[in-house]
Amino acid sequence: MFLLFRGFDQVLLETPNFVEAFIAVSMKAAIIALIIGLVIGVVLGVGATSESKILRAISRIYVELLQNTPILILLFFLYVFSPYVVPGGVDAFTVGSVVLGIYHGAYISEIVRSGIQAVAKGQEEAAKSQGFTKLQTMCYIILPQAVRIIIPPITTQVVGIIKNTSILQVIAVGDLMYQAQIWTSYSGFSGPAFILAAMIYFAVCYPLTLLSRHLEKKFAKGYVRKAKKATQRKEKAKVGGKVYGNH
Amino acid sequence: MEIISSVFTPGNVRYFLTGLEATLQFAMLSILFSFVLGTVLALVINYAPKLLGYPAMLFVELYRNTPLLLWVLFGRFGVAKAFRLDSYMAVLVMFVFFFGAIVCETMRSGLNAINKGQFEAAASQGFSFAGMLRYILVPQAVKLVMPQLLSTLITIIKDTSFLSVISIAELMYQGRAVMAQYVSVSEKIVCYGIIIAIYFTINFSLSLLVRHLSNKQKSRKPVGTSLKLG
């Protein structure tokens, strides 16, 4: 068992390099992927709730296609064919970040879609009655309310993006996993580099997971309490003072 | 059309099918063992004394916050070398640990969703705690979270593509091997299209099943609701 940890003291010397690789490459790719993913996600999420059948179909096809294929295949596909699409080829880092953004954009669009649909339908009708156009309704009324519902799942997606930056290693981008593997191969010790890499990923992702759970509790409470109070008030008014709560 | 006939040779098709068989075999073994591990972990975290529960929770959190590729590489270059295991077994163990943590979260949500009244009703009938778990709670929890478990199966099938990185001959590896024979772009695109189509067909059918099951569940009465009085 402790064979796995042999050489751990030596890999600890490499920690600054690992962390630097992580921040400079993995986190940068994660941030670019997050931005691309948010843009795609919001556009497709809003499109999925629109009334035009074409927009809904495009969004549906995109989401289904990307949620049911492995990300590694997407990565290889775009990496191998990028010289034909963009003359001169694209460097591996850009391809990786774009693929991550495209892939997670599908998941984010589902989150955005469910967030928009969770905002009460009455809001949309009330806005229409006040003379808002479709776009104005979306921008001023629905999206601000949907944001509160969307943020906790998006935080979980951010954790997923950071974890998925590990696939950049496969196309030889110098991210954390790549460094770990290079160290393992030239030092001859089997385990420690990966254990250190796991600790770095954990140290970054675990706080985000905790944040996501905290946000979920915080946002859910405000909503539920108001709804429960409103229902109780309604019941009181109906049955002449007696409130039959749910058992 | 010569592209199609040049790619769909019997040899190539056999390559793809071999890869598909390896992928599905690995995925089935993974989901089976990770379901067992996940259920055990969920029961330990929820109902065992804190002394056992905290290490289990640490295990689950560790595997939830680290990437799968890390563990795949660790299994191949770390565990397999250190213990001189076959890399297939080592990576299978890593997959089982990783997805065991995910299944544990799912099962915990299922167990927590069961009405407290079930516990009391079972105790009043004289069930021991183990009996309660085995005959009443776990079956209900599994039925509740079945859609999520199938989603996890979809994720497992997608993540078997990571095995191609460590040269295990599953679908993507075989697909890329087939692709290496061809030089022209259009044939390579057809090869990729075939791989993507196979993954998409399997996963999409499973996701339709997931949607069907979760719709059926939504229209059913919630589990273990007590009677409404008044």
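Visitor: How many residues does each chain bring to the contact between chain A and chain B?
Guide: Two residues are in contact if their C-beta atoms, placed from the backbone, lie within 7 Å. Here chain A puts in 34 residues and chain B 35. This is a predicted model, in which local features need pLDDT of at least 70 and side-chain atom pairs count only at pLDDT 80 or more, while totals for chains, interfaces and linings use all residues. Residues are numbered from 1 along each chain as its sequence is written, with chains lettered from A and ligands numbered from 1 in the order written.

Visitor: Which helices of chain B supply the side that touches chain A?
Guide: Helices are DSSP runs of H or I, at least four residues, and strands are runs of E, at least two, numbered from the N terminus. On the side of chain B that touches chain A, helix 3 (50–64), helix 4 (68–83), helix 7 (129–159) and helix 9 (185–219) of chain B each supply at least two residues. Helix 9 of chain B gives the most, 10 residues.

Visitor: What classes of residue make up that side of chain B?
Guide: Nonpolar means Ala, Val, Leu, Ile, Met, Phe, Trp, Tyr, Cys and Pro; charged means Asp, Glu, Lys and Arg; the others, Gly among them, are polar. The side of chain B that touches chain A has 20 nonpolar, eight polar and seven charged residues.

Visitor: How many helices and strands does chain A have?
Guide: Chain A has nine helices and zero strands. Of its contacts between residues at least 6 apart in sequence, 77% join residues at least 24 apart.
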